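Me: Could you walk me through this structure, one question at a time? I'd like to see the reasoning before each answer.

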Amino acid sequence: MRLQDKVAFITGGARGIGQAIAMVFAKEGANIVVADVNFEAAQKTASDIEALGRKAMALEIDVTDYGKVEEGVNKILDKFGKVDILVNNAGITKDNILLRMSPADWDAVINVNLKGTFNCIKAVSRPMVKQRSGRIISIASIIGLMGNWGQANYAASKAGIIALTKTTAKELASRNINANAVAPGFIQTDMTAKLSEDVKTKMLKAIPMAKLGTPQDVANVCLFLASEESNYITGQTIIIDGGMVMV
Ligand code: NDP
């Protein structure tokens, strides 16, 4: 049990990669807070976690709303008395080429992916500083490292997460709080299921391992970053992409 009795707050934890992280952490002994805009789906994931014998709490939180995030963190502290791990996973895409991208679609993606991550880090940092311990893991993307046609908003949000992670790591290191990011490539979820066959074929050609990753592949790296095995790692971004981007 690598996360025995730890309390993990996972945004967008109802489905996809967030759900896989929630299940992997629970199997390693953590109690889980599943925060999502989709409350019904969050409750379903929470009951799957309880079936494993762990404590779980579903929270309806839109990460763009700082007030709701802070309220959620207070509820976690009331129920569990601490928050050990934050996983910033909630994320959306609204793709279009720059010329056609509306300011509203720019704002929507930056608000959920980047401001949402800031909101959650800010809300947990006070209790983590008081505890003198904490792990903050944010889900960036290889798109934040290399850019992508049609994803100006998404690429900027994910690059922002990487810079925010480095700043958080520098500010909180002396309080025994590690902040790291992961940068997945193409992972099999509803987000990538939307892509056309043509795009998927091109994508596979660019991946040396010639296959998409799974939510479990991402969850396993997050487990490492949440566990004591990564005690001396902070401010880093770990790429999980079958070899697509090599830096
Ligand atoms: P999904 O769309 O499958 O799941 C995202 C979850 O986040 C959903 O449950 C969604 O709710 C929730 N969510 C959306 N907006 C908010 C919000 N404002 N507040 C709280 N929760 C919200 O995405 P993935 O699992 O594919 O992706 C998870 C993360 O991984 C994202 O940050 C994504 O950018 C990143 N990523 C994904 C890759 C991939 O290939 N799939 C590659 C690289 C990074 P609802 O169901 O209502 O939409």
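Me: How do the residues of the lining of the second largest pocket divide into nonpolar, polar and charged?
Reply: Keep in mind that this is a predicted model. The second largest pocket has 14 lining residues, with Lys6, Ser133, Arg135, Glu228 and Asn231 nearest its centre. Sorted by type, the lining comes to 3 nonpolar, 6 polar and 5 charged.

Me: Thanks! And what volume does that second largest pocket have?
Reply: Rolling a probe the size of a water molecule over the atoms shows where empty space is left. For the second largest pocket, that space comes to about 230 Å³.

Me: Which residues are closest to the centre of the largest pocket?
Reply: Happy to take that one next. The largest pocket has a volume of about 1,300 Å³. Among its 48 lining residues, the closest to the centre are Ile92, Thr93, Tyr154, Met191 and Thr192.

Me: Which helices and strands each supply at least two residues of the lining of the largest pocket?
Reply: By type, this lining divides into 25 nonpolar, 15 polar and 8 charged residues. The elements that each give at least two of its residues are α1 (16–27), β2 (31–36), α5 (143–146), α6 (152–172), α7 (190–193) and α8 (197–205).

Me: Let's move to the helices. Are the buried residues of α2 on the same side or on opposite sides?
Reply: Helix α2 runs over residues 39–50, and its buried residues are Ala42, Thr45, Ala46 and Ile49. In an α-helix there are 3.6 residues a turn, so residues three or four places apart point the same way. The buried residues of α2 cover an arc of only 105 degrees around the axis, which puts them on the same side.

Me: What do the buried residues of α2 pack against?
Reply: The helix itself has 12 residues and reaches 16 Å from first C-alpha to last, close to the expected 16 Å. Its buried residues pack against α1, β2 and β3 (56–60).

Me: How far apart are the end C-alpha atoms of helix α3?
Reply: Helix α3 covers residues 66–80, which makes 15 residues. At 1.5 Å a residue they should span 21 Å, and the model agrees: the end C-alpha atoms are 21 Å apart.

Me: Within what arc do the buried residues of α3 fall?
Reply: The buried residues here are Val69, Gly72, Val73, Ile76 and Phe80. Seen down the axis, they line one face of the helix, because they fall within an arc of 100 degrees.

Me: And what do those buried residues of α3 pack against?
Reply: The residues in question include Val69 and Phe80. Their packing partners are β1 (7–11), β2, β3 and α4 (103–131).

Me: Is Ile136 buried or exposed?
Reply: Ile136 is found in strand β5 (residues 134–139). Leaving aside neighbours within four places in sequence, its contacts include Leu86, Ile121, Met128, Leu172 and Ala179. Its relative accessibility is 2%, and the cut-off is under 20%, so Ile136 counts as buried.

Me: How far apart in space are Ile136 and Val112?
Reply: In sequence, Ile136 and Val112 are 24 residues apart. From C-alpha to C-alpha, the distance in space is 17 Å.

Me: Which loop holds Asn176?
Reply: Asn176 is a residue other than glycine with a positive phi, near 65 degrees. At 46% relative accessibility, it counts as partly exposed. Asn176 is found in the loop between α6 and β6 (177–184).

Me: What is the phi of Ala210?
Reply: Ala210 lies in the loop between α8 and α9 (215–226). Its relative accessible area is 51%, so Ala210 is exposed. Although Ala210 is not a glycine, its phi is positive, at about 55 degrees.

Notes: Residues numbered from 1 in each chain as written. Predicted model: local features only at pLDDT ≥ 70, side-chain atom pairs only at ≥ 80, totals over all residues. Heavy atoms only, no water. 1 Å grid on protein atoms, 1.4 Å probe; cavity = no way out; pocket = protein on both sides within 12 Å on 5 of 7 lines; lining within 4 Å. Points joined across faces, edges and corners; volume = space filled by probe spheres on them. Helix = DSSP H or I, 4+ residues; strand = E, 2+ residues; numbered from the N terminus. Nonpolar A, V, L, I, M, F, W, Y, C, P; charged D, E, K, R; others polar. Expected span 1.5 Å × (residues − 1). Buried < 20%, exposed > 50% of the residue type's maximum accessible area, 1.4 Å probe, protein only. Arc of directions from axis to C-beta. Contact = heavy atoms within 4.5 Å.
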